[in-house]
Amino acid sequence: MSQETWPSDLPTYDQLLNELKDIRRPGLADLRRTDRPALRAAAVAGGFCDGPDDAPAGIEALLKDAVRRLGENGVLGRAAAHTFGLLPDRRGDPASDRRKLAAAVYGVSTEGFRKRQEREVMEQLAEAVLTVLRERLVFSGAQPPGGLGELMAGPGVTDGPGGRAGQGPPLRVDGVPVVDARSTFTVHVSPIELLRDIEVLVSSENVYLEMSKTFRPTVSGALRLAAAVRDPAGEIVDDVLARELAAWLRAHGRPGLPVRPGTVVPTSSGALAARGVRRIYHAAVATPEEDTYHVRPESIARAVSACFALARAERDRYQPALSSICFPLLGAGRGGLPPAVSATWLRWAIRDELARDARWRVHLVVRSREIAEAVGAL
């Protein structure tokens with residue numbers, strides 16, 4: 001596909017989400033009876049069908065591809081497959097049966113799933129549809145009207161539950177010197193678990209060192225899921241990061257008790273070792289408060305200092321020695337700090353550490369290009 005054939009009327013996230021809500025109850029059979037223009041446009045643009053005649057089959061194929069993007073064996077992927085009847089033997093199930101099966105994936109009641117997780121499942125499936133579409137268009141050689149940057153930026157990022165993060169293909173902003181020629185600072189627009197050959201990844205945790213649930217769209221949840229060891233059937237057999245954190249808490253007499261904000265605890269990288277990751281550093285920066293979290297900016301500075309101290313202590317235990325570390329926007333999740341505040345404190349603390357020891361290659365990972373550009377301006 002050339003730039004001239006780039007579709008000018010690609011569906012928006014909101015259009016896709018609304019149509020997914022509409023077809024949840026009637027199921028896939030409704031695609032033959034009722035036109036769904038946003039889903040049809042996405043299926044045509046992605047090459048899943050040619051037009052209205054084969055649109056139902058094309059939309060179904062697109063949704064199945066989106067489920068694979070979410071992870072067929074993960075919680076979100078399985079719940080989405082049940083919700084929309086995308087499994088071969090469940091295609092014609094009534095909506096109530098499909099909802100019951102999706103709720104069972106989360107281990108909650110049907111009513112609890114309807115009130116809480118169901119919306120997240122539909123939101124994430126809409127995001128995955130856009131991701132599949134972008135990847136197909138980019139890899140086919142297409143260019144969006146405003147250039148590749150617009151495509152990669154994706155929907156805007158938000159900090160609350162159900163917030164939408166940019167879902168374009170990972171983007172790397174060239175590294176620039178930070179202190180001297182030996183140290184560089186590289187910004188990535190990417191899910192953190194997709195990064196490769198960065199030896200230390202930092203996860204943002206609460207002060208109880210309780211990792212996020214694997215189905216939640218957080219750095220902690222994503223790393224926990226990606227590092228888990230699976231059997232040949234794809235089922236998790238070792239929740240590596242959560243297990244090692246629990247062992248650390250027991251060894252230090254802290255089960256059920258908070259650690260000091262800014263504390264950093266190391267674990268292995270589990271299955272992420274296959275991507276060249278050697279260590280995960282868990283930075284405790286968020287203090288739970290009822291239904292939200294509180295993060296003090298100075299806790300970010302303490303966590304950055306602790307990460308570098310730990311990395312220096314562990315550096316020579318590996319061959320070759322540890323030399324790269326990646327930070328997310330610590331404390332910028334639900335109820336935490338605005339991304340710009342987190343980024344400002346991160347950059348200040350990182351520069352301070354590199355002024356002492358400039359041998360590190362430092363990376364920052366964010367979920368939208370807008371935030372990456374803002375970080376670059378700080």
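This passage describes a covered strand, the aromatic pairs and a nonpolar surface patch in a predicted model.

Strand E3 spans residues 200-206. The strand is mostly covered, with six of its seven residues buried. E3 is joined to two other strands, E7 and E9. Strand E7 covers residues 279-289, runs parallel to E3 and is joined to E3 by seven bridges. Within this pairing, Val-202 stands opposite Tyr-281. Strand E9, residues 324-327, also runs parallel to E3, and two bridges join them. Here Leu-201 faces Cys-326 as its opposite residue.

Five aromatic pairs occur in the structure. One of them is formed by Phe-308 and Trp-360. Their ring centres are 6.3 Å apart, the planes meet at 80°, and the pair is edge-to-face. This pair links distant parts of the chain, 52 residues apart. Phe-308 belongs to helix H12 (residues 297-314), whereas Trp-360 sits in the loop between H13 and strand E10. Both residues are buried.

Trp-345 and Trp-348 also pair. Their planes lie at 65°, over the 60-degree cut-off, so this pair is edge-to-face. The centres of the two rings are 6.3 Å apart. Both residues lie in helix H13, three residues apart, which is about one turn of the helix. Trp-345 counts as partly exposed because its relative accessibility is 30%. Trp-348 has 53% and so counts as exposed. Together with Val-341, these two tryptophans make a nonpolar surface patch of about 290 Å². Elsewhere, Tyr-106, Phe-113 and Phe-215 form one aromatic cluster.

Conventions:
Residues are numbered from 1 along each chain as its sequence is written. This is a predicted model: local features need pLDDT of at least 70, side-chain atom pairs count only at pLDDT 80 or more; totals for chains, interfaces and linings use all residues. Side-chain values use heavy atoms; hydrogens and water are left out. Patches are made of residues with over 30% relative accessible area and no salt bridge: like charges are joined within 9 Å, nonpolar side chains (Val, Leu, Ile, Met, Phe, Trp, Tyr) within 5 Å. Accessible areas come from the Shrake-Rupley method with a 1.4 Å probe; for residues, only the protein chains shown count as cover. A salt bridge is a side-chain nitrogen of Lys or Arg within 4 Å of a carboxyl oxygen of Asp or Glu. Buried means under 20% relative accessible area, exposed over 50%, partly exposed in between (1.4 Å probe, protein chains only). Helices (H or I, at least four residues) and strands (E, at least two) are DSSP runs, numbered from the N terminus. Two strands pair if DSSP finds at least two bridges between them. Rings of Phe, Tyr and Trp (its six-membered ring) pair if their centres lie within 6.5 Å; planes under 30 degrees apart count as stacked, over 60 as edge-to-face and the rest as tilted.
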